Amino acid sequence: MFTGIIETTGIVNEIIPNGSNLTFWIESPISGELKVDQSVSHDGVCLTVEEIKGKTYRVTAIPETLNKTALGNWRTGSHVNMERSLALSQRLDGHFVQGHADCTGTCLKKEETSGSWLFRFSFPEKFAALVIEKGSVAVNGISLTCFDVTLNEFSVAIIPYTFSHTNLGKLNKGEKVNLEFDMIGKYIARKIDLSQNDFK
């Protein structure tokens, strides 16, 4: 479980194809604090630390992960948002984030607006019920608030701190991001769907 509050960013040092999987070696400021078998959110995707060597560590993405996320677009030198799992003693400053991306979205707009930044993203319309005005969504693992929501687009406003301390500052129009919608909303939508089917 994560909160969508990014701790730091890492850099992809090496990408190794391994059958249908991709193995990544990532350098980060917190590599020395990690442990093998620990869960870490990478751009909003929960991956398990498999090996640690100095300032770098190894994780692997399987086909299911590669098909539903933008991790397959990582390249050597890509900057990655990182967050370690939530400790029970921590404050929940963002929202409940599982690290299970639902889909990818596309950056439609990146615009500076008098000291802050406005981003607009598209997403598959089948997830429209999970995106609400002033609701929470994780974009590349960052807990953000949606506005100007339509059936397949939403906007977010980014403060300078978030812009400079996450990889959103390096995101360009047309690039893919990982999206995870609010877990509570997903359970409610599932319950409503099952209830409606019961009456058919």
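**Exercise 1. Is V131 buried or exposed, and where does V131 sit?**

Solution. The model is predicted: local features need pLDDT of at least 70, side-chain atom pairs count only at pLDDT 80 or more, and totals for chains, interfaces and linings use all residues. Residues are numbered from 1 along each chain as its sequence is written, and side-chain values use heavy atoms, with hydrogens and water left out.

Step 1. Take the cut-offs: buried means under 20% relative accessible area, exposed over 50%, and partly exposed in between, with a 1.4 Å probe and protein chains only.

Step 2. V131 has 6% relative accessibility, so V131 counts as buried.

Step 3. V131 belongs to the loop between β9 (116-122) and β10 (136-139). Here helices (H or I, at least four residues) and strands (E, at least two) are DSSP runs, numbered from the N terminus.

Step 4. Contact means heavy atoms within 4.5 Å. Apart from neighbours within four places in sequence, V131 touches F123, C146, V149, F154 and F181. For C146, 15 residues away along the chain, the C-alpha separation from V131 is 7.6 Å.

**Exercise 2. Find how many disulfides the structure holds, and examine C103 and C146.**

Solution. Step 1. A disulfide is a covalent bond between the sulfur atoms of two cysteines. The search counts a pair of cysteine sulfur atoms within 2.5 Å.

Step 2. Over the whole structure, the search finds zero disulfides.

Step 3. The cysteine sulfur closest to that of C103 is in C146, 12 Å away, which is too far for a bond.

Step 4. C103 is buried, because its relative accessible area is 7%. C146 is also buried, with a value of 1%.

**Exercise 3. Describe the strand partners of β9.**

Solution. Step 1. Two strands pair if DSSP finds at least two bridges between them.

Step 2. Strand β8 (residues 103-113) pairs with β9 in the antiparallel sense, over seven bridges. In this pairing E111 stands opposite L118 of β9.

Step 3. The hairpin of β8 and β9 has two residues between the strands, and S114 takes a positive phi near 55° there.

Step 4. β9 also runs antiparallel to β12, joined by six bridges. W117 faces I158 in β12.

Step 5. Six of the seven residues of β9 are buried, so the strand is mostly covered.

**Exercise 4. State the volume and lining of the two largest pockets.**

Solution. Step 1. On a 1 Å grid over the protein atoms alone, a pocket is an open set of points where a 1.4 Å probe fits, with protein on both sides within 12 Å along at least five of seven lines; lining residues have an atom within 4 Å of a point. A volume is the space filled by probe spheres set on the points, which are joined across faces, edges and corners.

Step 2. The largest pocket has a volume of about 380 Å³. Its lining has 16 residues, with W74, S78, L171, E175 and K176 the closest to the centre.

Step 3. Ala, Val, Leu, Ile, Met, Phe, Trp, Tyr, Cys and Pro count as nonpolar, Asp, Glu, Lys and Arg as charged, and the others, Gly among them, as polar. The lining of the largest pocket has four nonpolar, seven polar and five charged residues.

Step 4. The second largest pocket has a volume of about 300 Å³. Of its 17 lining residues, I5, I142, S143, I159 and T162 lie nearest the centre. β11 (142-145) supplies the largest share of this lining, four residues.
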